[in-house]
Amino acid sequence: MTDRTDDTVAPGEPEVPAPEAGTPGPDGVTGPDGADAPVADDDMARIAAERDEYLDQLQRTRADFDNFRKRVERERPLLAEAGVRDLVAELLPVLDNLERALEALVAAGDEGAAGIVAGVDMVKQQLGGLLAGRGVEEIPAQGEAFDPTIHEAVQSLPSPDHPEGTVVAVVERGYRMSDAVIRPARVVVSQGGGTS
């Protein structure tokens, strides 16, 4: 490539004519002296307003997406815990049935059933350990003051041995996980001393 200092056209290059006075410039507007006319102030204002509007939309979209991402990150552990709670709620009747089976086998008093009792007890302990490992704990009920947020009263009985509002028997154990009640304890509540 050679440096050209003159206005001569190299062989093979097309000749480009110089702009003439009165011909439109690149934006199609010419002034009275043939020079490009400046873009009108109202056109510039309109273009600047459009630019600002698009920039504002972009910034809002970015902020919305960032807020969405943060909300999903906050909710992910809560959703996972809710899934575990649902599974635990479905497993609790299995644990209840294992306990009932153990009670029935022990009550039968059959010496030949000792192996079955031990096996069912091991399954119950394994399931209980699995649930405890997931943060599931039994709701204390027997002898506690009745609390409607964690207990469900199925019956009330007069009891001279217990003050009114005390849980005197547990019909079905209750469980919670991370302060969320999975299943309330179903209990019998004392009406207080004497018969009415």
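## A ring pair and a one-sided helix

At 42% relative accessibility, Phe-68 counts as partly exposed. That residue is a good way into this predicted model, whose protein chain has a mean pLDDT of 81, with 78% of its residues at 70 or more. Let's look at the confidence, then at Phe-68 and its partner, then at helix α2.

**How confident is the prediction?**
- Among the elements of the chain, helix α2 (residues 114-133) has the lowest mean pLDDT, at 86.
- Strand β6 (residues 185-190) sits at the other end, with the highest mean, 93.
- Where pLDDT is low, don't read the predicted coordinates in detail.

**The aromatic pair**
- The count comes to one aromatic pair. Its rings belong to Phe-65 and Phe-68, with centres 6.5 Å apart and planes at 35°, so the pair is tilted.
- You'll find both residues in helix α1 (residues 41-108), three residues apart, which is about one turn of the helix.
- Phe-65, at 54% relative accessibility, counts as exposed.

**Helix α2, face by face**
- With 20 residues at 1.5 Å each, α2 should span 28 Å, and its end C-alpha atoms are indeed 28 Å apart.
- Which residues of α2 are buried? They are Val-120, Lys-124, Leu-127 and Leu-131.
- Looking down the axis of α2, you'd see these buried residues fall within an arc of 65°, so they line one face of the helix.
- Helix α1 and strand β1 (136-138) are among the parts covering them.
- Over on the other side of α2, Gly-115, Met-122, Gln-126 and Gly-133 are exposed.
- After α2 comes Gly-135, which has a positive phi, near 90°.

How values were computed
Residues numbered from 1 in each chain as written. Predicted model: local features only at pLDDT ≥ 70, side-chain atom pairs only at ≥ 80, totals over all residues. Heavy atoms only, no water. pLDDT = per-residue confidence, 0-100. Helix = DSSP H or I, 4+ residues; strand = E, 2+ residues; numbered from the N terminus. Phe/Tyr/Trp six-rings, centres within 6.5 Å; stacked < 30°, edge-to-face > 60°. Buried < 20%, exposed > 50% of the residue type's maximum accessible area, 1.4 Å probe, protein only. Expected span 1.5 Å × (residues − 1). Arc of directions from axis to C-beta. Contact = heavy atoms within 4.5 Å.
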